[in-house]
Structure formats: C-alpha cells, structure tokens
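Thanks for coming. I will go through a few places in one protein chain, so please keep the picture open while I talk.

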Amino acid sequence: PSKATLVLWQEANSETDPSWRSLIKEYMQANPNVKIVFVPGGGGEAAIADYDVKLTLSLTSGKGPDIFTFHDVAIFKYVVNNLIIPAPDFMAKFVKKESLNAGVLDGATYRGKIYGPVFSGDWQCLYYNKDMFKEAGLNPDKPPVNWDEYISYGKKLTKRDSQGKVIRAGISLRKTGHAQGIAAKWFAFFFSAGGSEFSDDYRKSLVNSPAGVEATQLYEDILYKWKIDSLDVVADWKGFAQKTVAMFNRGPWVPSALMSNAPDMVPGVNYGVGHIPKKKISSSIGSNYPLVVTKRSRTPQAAWKFIYWFMQPEVYSRFIKTTHQFPMTKSVARLPEFANDPIFKNIFSVFFTQPNVSAPPEILNLYELESVLGKQIESAIYKNVPAKDAMDRAAEQMNAMLKNVPDYLLPKKK
C-alpha cells in the first residue's frame, strides 16, 4: 500500500516538542506505511496570533496540516469556515466516555458535534510561594480564599528597596503578552466578582458591569494604590521562578516550567496552589486544546487512527509523565502511578477541585472580541485609564463587533 503522509501542527509550546517527536517516531516504527511530519508552532504566547493567521491562510488555500492543535477559543471559526471535520463515531464515543469533566468535553464540541479529543488543557488556580508565606508570618498551608485576604497577604509579601521600589511583587498580575491572553487571566477576577461576559442573547458585552469595573479597579489598585505589583519586576511564572513574585494565577503547566527553570522549588514544599480567591464566588476560566483533522486532509482515516492511538492510556500517560501536564482523560487521571506523584498530590489535586470553571462561549469571533478587551485592560495598566472608562470602551467596541455576527453563528440563548 502507498505511504500516507500526515502533517501535524502543534501550537506554541516548546516544552512538549521532545515528547511529541518521540511518540511520533514510535508510531512510525510500528506503522511503516505512515509518515508523520511534525511542525511545532514554537515561540511562546506572542506566536499564538501568528499561528492562527498561518493556519487560516494555509487551510483556506488548500494547503496546511492534516492534524492540528489549537485553543478552543478559536476552534469555532475553523468549523464554521468548513476547515475541519467532525470526529468519526469511534473517536466521538471515546471523547464522550473519557473527557475529564464537562468543560473538557465542551472544548471538544461545537453545536453538539465532537471534533476531536482534548489532549491538553488548563484553567487557572493561585500559585503561592510557601517559603515567602513563612517569612511573612503567614500560614504556608493556607492560601488566601477571598479578595480581602488576597490583598492583605499581597501587602505583607511585597518587598521594596531603600528607595521604595518594588523588588518582590506580593501579587503578580498578567500584564504582557497577546491581548486575548491578558483578558483570559482577568476573567478569573471578573467571574469571581460575579460577572457574566455576555447578555443572555449574546448580543451585548457585559464587561463594563460592576464586576468588570471592580476587577479592573483591583488591577489599578494593586499596581498604583497599594503598589504590591510593579511593571519593573520580573513577572508571572518567570518571576515566580526567580523569586521576584510571591503569588500569581496560572494554569497547571507551571510545575513543568519550574522543574526546568527553578529545580530548587519543590511542589508542596516550597510552593503550593489554592483556588482562585473569591469576591462573590471562586471561579476560573478554562481553555482546552483539541486535536482536530482538516477537511483538506487526503488521508483522514490515517489521521484519526494516529490521534486515537495517541490518546490511549498507555501512550497518553507517557505524554503526561514526560511533559508534566494535566491529564484530560479520566483513565489517565485515575492511574495509581500518579497518586503519589508530588505534582499530582500537591498541585493537580487542587486544580481538580477548583469550582466554577467556565468554558469559552461558542462565538465565531470570540478571539477577536477578547483581544479588544485585553487591549483596554492594557490601557488601564499602562496608561492609567480609569477602570470604568476602559471597560466602557471595551464594551462599546465589542458590541459593535457583535452587531455584525449573524444569529446562526451565536450560541442559543442562555
């Protein structure tokens, strides 16, 4: 039989590249009639928008990959533009049975049809440095549970030099990167303040509701009123690795990054994780990465066969182990070998129990809508635009964009 060539594009996450390459090589050795060409997106978060552009251009011109991975926030447009195909029955049954929770199943589904298994996903929880908690007289086993504690702990954990300049941020907010990513991290505060992103008919943005203004005001106060974060400090997970950050919200991929960049930080010993602190509720925003097959693929059966093989517990569990990722299937999450793993025990167990994880709504141009919001959050952070003004502008721009979306491309009313 002739050899099937599959081209697989993987979105920007260089940490997982070696594992992909090794498993692809193993598959090709066992299936000599299949050749898989691996094309990593590479280049970190700034490359995500570029990846989207490249993918859309290549697929609309009839080229591009047979299989690709992408953020579920943008998967809808690939479905609507007829660029990807629904999963065959055997794959759809597997996804229904194995998806870790409703949010993960949501990430694989559009309008009731399953398009592929979610192999990677995350939602946010609060990372905190236990050593810094002890040093500040805080209980290292009790992260903050509400905004008052969050702010009060943040103040105690912040360090300044003799000129009053912040050299260690008590709280590190997401302030840089692609605009939609900035918005995604802000949503944890917005939802925890009781916010809803859209009206029931999805025709109106509600980011300028009291919850949106409160979340944005919290950012401004953390940076400029209490000065417990700073634009000058190494931030986010890199700051956490370099000990210039005491607390920040992020996904379950952080332990893997810390193993490479701060091997002295032991999960459960030097750092821990808590649920997102609540204003009204503790809430988080989820994002999932499904594996999908393109309409242009000349060998879709070979593509689905590889995906099915990759997601089987004996293979997928090795991917999870070597990449230190969060498993997205029930079978792998329940494997006894993970029960005593320090990352599973101390970090992932908290992620498993984070309440109110919301999945992105099925709106065609959601990525663009949330990028507009991210740019207005940046205006509050960098230009000191008052919180209410920034959110009013975001809502106004989002509403203008929503006007142009035909009814059939919006979700059914809530």
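Two residues are in contact here when they have heavy atoms within 4.5 Å of each other. Keep in mind that this is a predicted model.

With that term in hand, start at A87, in the loop between β4 (84–85) and α4 (89–98). Which residues does A87 touch, leaving aside its neighbours within four places in sequence? They are A92, I114, Y115, G116 and W304. A87 has a relative accessibility of 12%, and because buried means under 20%, it counts as buried. A87 and T109 are 22 residues apart in sequence, and their C-alpha atoms are 9.8 Å apart in space.

One of those contacts, W304, takes us to helix α12, residues 300–311. In α12 the buried residues are P300, A302, A303, W304, F306, I307, F310 and M311. We can also check the length of α12: at 1.5 Å a residue, its twelve residues should span 16 Å, and the C-alpha atoms at its ends are 17 Å apart, so the two agree.

Next, helix α8, residues 179–192, which holds A188. Is A188 buried or exposed? It is buried, because its relative accessible area is 0%. Apart from neighbours within four places in sequence, A188 is in contact with Q124, N249, I276, S283 and I285. From A188 to E220 there are 32 residues in sequence and 16 Å in space, C-alpha to C-alpha.

Now the packing of helices. The axes of α8 and α17 come within 7 Å and cross at roughly 80°. An angle from 65 to 115 degrees counts as roughly perpendicular, so that is the label for α8 and α17. On the α8 side the contact is made by A179, Q180, I182, A183, W186 and F187, and on the α17 side by Y367, E370, S371, L373, G374, K375, I377 and E378. By class, these residues divide into eight nonpolar, three polar and three charged.

Helix α17, residues 366–382, also meets helix α9, residues 210–225: their axes come within 9 Å and cross at roughly 30°. Angles under 35 degrees count as roughly parallel, and α9 and α17 are therefore roughly parallel to each other. Their crossing is right-handed. From α9 the contact uses T216, Y219, E220, L223 and Y224, and from α17 it uses I377, A380, I381 and Y382. The contact of α9 with α17 has seven nonpolar residues, one polar and one charged. Note that I377 appears in the contact with α8 and in the contact with α9.

Helix α11, residues 254–261, has V254, P255, S256, A257 and L258 buried. What covers them includes β8 (125–129), α10 (236–241), β11 (247–250), β12 (271–274), α13 (313–323) and α16.

Last, the backbone. Most residues other than glycine have a negative phi. Where do we find R111, which has a positive phi of about 50° although it is not a glycine? R111 sits in the loop between β5 (109–110) and β6 (113–114). Its relative accessibility is 38%, so R111 counts as partly exposed. N356 also has a positive phi, near 50°, and is not a glycine. N356 lies in the loop between α16 (342–353) and β14 (357–358). With a relative accessible area of 43%, N356 is partly exposed.

That is the end of my list.

Technical notes: Residues are numbered from 1 along each chain as its sequence is written. This is a predicted model: local features need pLDDT of at least 70, side-chain atom pairs count only at pLDDT 80 or more; totals for chains, interfaces and linings use all residues. Side-chain values use heavy atoms; hydrogens and water are left out. Helices (H or I, at least four residues) and strands (E, at least two) are DSSP runs, numbered from the N terminus. The expected span of a helix is 1.5 Å times one less than its number of residues. Buried means under 20% relative accessible area, exposed over 50%, partly exposed in between (1.4 Å probe, protein chains only). Axes are lines fitted to C-alpha atoms, for helices over the stretch in contact, and angles run from 0 to 180 degrees between N-to-C directions. Angles under 35 degrees count as roughly parallel, over 145 as roughly antiparallel, 65 to 115 as roughly perpendicular and the rest as oblique. A crossing is left-handed if the near helix is turned anticlockwise from the far one by less than a right angle, and right-handed if clockwise. Ala, Val, Leu, Ile, Met, Phe, Trp, Tyr, Cys and Pro count as nonpolar, Asp, Glu, Lys and Arg as charged, and the others, Gly among them, as polar.
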